[in-house]
Amino acid sequence: MKATAPGKIILSGEYAVLFGRPALMFAIDRHVETSINSGGVSGFQILLEAFNSHTATMLVELVRTKRRITARYRRYVQGDCDIRTVIRHPVELVEYALAKILELTKSALTCGLEVKIKSNLPVGYGFGSSAASIISLIGALNAYLKLRC
């Protein structure tokens with residue numbers, strides 16, 4: 001299963017949205033693509049091509065990562081740490097999202113998954129690469145979960 005999501009550019013109002021005001025933005029012709037396959041893997045294999053990162057993990061570890069990130073976020077909200085400490089590496093965002101999606105959908109996967117995320121969006125320049133990554137992950141996982149392993 002594959003899904004793509006575009007990046008974005010905010011033309012005007014980038015900080016206005018923080019105060020509930022509108023912004024003018026549009027999608028750009030650069031995308032993040034997530035593919036999900038089940039063939040021959042155990043647990044979760046996560047490949048982030050933009051970071052040359054490959055991680056192998058099990059569901060129990062995804063749940064632990066989600067709990068750690070949730071705890072870090074609470075500390076951030078309380079003012080005890082900087083926002084950059086909540087997600088320390090891009091793979092943590094993917095692991096958190098996977099755990100959260102599987103929890104919300106009450107999915108009981110009976111096989112492993114390979115999750116490959118590739119992007120032609122620059123990272124860290126305000127093009128929405130993190131959001132596009134998660135949206136494409138949600139789309140691919142949604143399509144996959146409608147199938148049986």
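I began with Leu-18, which I found in the loop between β1 (2–12) and β2 (24–37), keeping in mind that the model is a predicted one. I then looked up how far this side chain is covered, and Leu-18 counts as exposed because its relative accessibility is 62%, where the cut-off for exposed is over 50%. Turning to what surrounds it on the surface, I noted that Leu-18 belongs to a nonpolar patch together with Tyr-15, Val-17 and Phe-19, and that the four have about 510 Å² of accessible area together.

Next entry, the largest pocket. I read its volume as about 560 Å³, and of the 24 residues that line this pocket I listed Leu-93, Val-123, Ser-129, Ser-130 and Ala-131 as the closest to its centre. I then asked which elements give two or more residues to the lining, and these are α2 (90–104), β5 (113–119) and α3 (129–145). With 4 residues, α3 gives the most to the lining. Sorting the lining of the largest pocket by class, I wrote down 15 nonpolar, 8 polar and 1 charged residues.

Last entry, the backbone at Asn-52. I located Asn-52 in the loop between β3 (44–48) and β4 (53–57), and noted a positive phi of about 50 degrees there, although Asn-52 is not a glycine. I marked this down because most residues other than glycine have a negative phi. Is Asn-52 buried or exposed? I entered Asn-52 as exposed, since its relative accessible area is 75%.

Technical notes:
Residues numbered from 1 in each chain as written. Predicted model: local features only at pLDDT ≥ 70, side-chain atom pairs only at ≥ 80, totals over all residues. Heavy atoms only, no water. Patch = residues over 30% accessible without salt bridge, like charges linked within 9 Å, V, L, I, M, F, W, Y side chains within 5 Å. Areas by Shrake-Rupley, 256 points an atom, 1.4 Å probe, with all protein chains shown as cover. Salt bridge = Lys/Arg side-chain N within 4 Å of Asp/Glu carboxyl O. Buried < 20%, exposed > 50% of the residue type's maximum accessible area, 1.4 Å probe, protein only. 1 Å grid on protein atoms, 1.4 Å probe; cavity = no way out; pocket = protein on both sides within 12 Å on 5 of 7 lines; lining within 4 Å. Points joined across faces, edges and corners; volume = space filled by probe spheres on them. Nonpolar A, V, L, I, M, F, W, Y, C, P; charged D, E, K, R; others polar.
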